[in-house]
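Open the model in your viewer and keep the selection tool handy. We will go through some helix pairs and then one pocket.

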Amino acid sequence: MTISLLDVLFNREQLAKSSAKGSRKAHNASISTSCLPSVATLAVKHFVLNAFKKDNGEPCLSDSAFNDIINSKCATARRALTR
């Protein structure tokens, strides 16, 4: 769900130049990333965490797992643009 919402909110170029917190650097390039707009990422996070919970009522994702998903999506967009 998180990946699909990121696709709706941001285009490939925005994702390729960004990361969850803006401090990530691509391993294979000297590209520094900027932070995705926090209002949008917080809205996605709030929606996903409220819509999908574990059986015991806990959130389905931790903060770090959520950021990992965003960073993975951004890295995939970077790779797609370089091809």
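Start by selecting helix 3 (38–51) and helix 4 (63–82); helices here are DSSP runs of H or I with at least four residues, numbered from the N terminus. Helix 3 and helix 4 pack at an angle of about 120°, their axes 12 Å apart, and are therefore oblique to each other. Axes are lines fitted to C-alpha atoms over the stretch in contact, and angles run from 0 to 180 degrees between N-to-C directions. Under 35 degrees counts as roughly parallel, over 145 as roughly antiparallel, 65 to 115 as roughly perpendicular, and the rest as oblique.

This is a predicted model, in which local features need pLDDT of at least 70 and side-chain atom pairs pLDDT 80 or more, while totals for chains, interfaces and linings use all residues. Residues are numbered from 1 along each chain as its sequence is written, and side-chain values use heavy atoms, without hydrogens and water.

Look along the pair: helix 3 and helix 4 make a right-handed crossing, meaning that the near helix is turned clockwise from the far one by less than a right angle (anticlockwise would be left-handed). Now show Thr41, Val44 and Lys45 of helix 3 with Asp63, Phe66 and Ile70 of helix 4, which make the contact (heavy atoms within 4.5 Å).

Next, add helix 1 (residues 2–9), which packs on helix 4 at about 50° with the axes 10 Å apart. That angle makes helix 1 oblique to helix 4. Show Thr2, Ile3, Leu6 and Asp7 of helix 1 and, in helix 4, Phe66, Ile69, Ile70 and Lys73, which they meet.

Then turn to helix 1 and helix 3, packed at about 145° with axes 10 Å apart. Here Thr2, Leu5 and Leu9 of helix 1 touch Ala40, Val44, Phe47 and Val48 of helix 3.

What is the volume of the second largest pocket? It is about 150 Å³. A pocket is an open set of points on a 1 Å grid over the protein atoms alone where a 1.4 Å probe fits, with protein on both sides within 12 Å along at least five of seven lines; lining residues have an atom within 4 Å of a point. The volume is the space filled by probe spheres set on the points, which are joined across faces, edges and corners.

For your last selection, take the lining, including Ala20, Lys21, Cys35, Leu36, Thr41, Phe66 and Ile70. Helix 3 and helix 4 each supply at least two lining residues.
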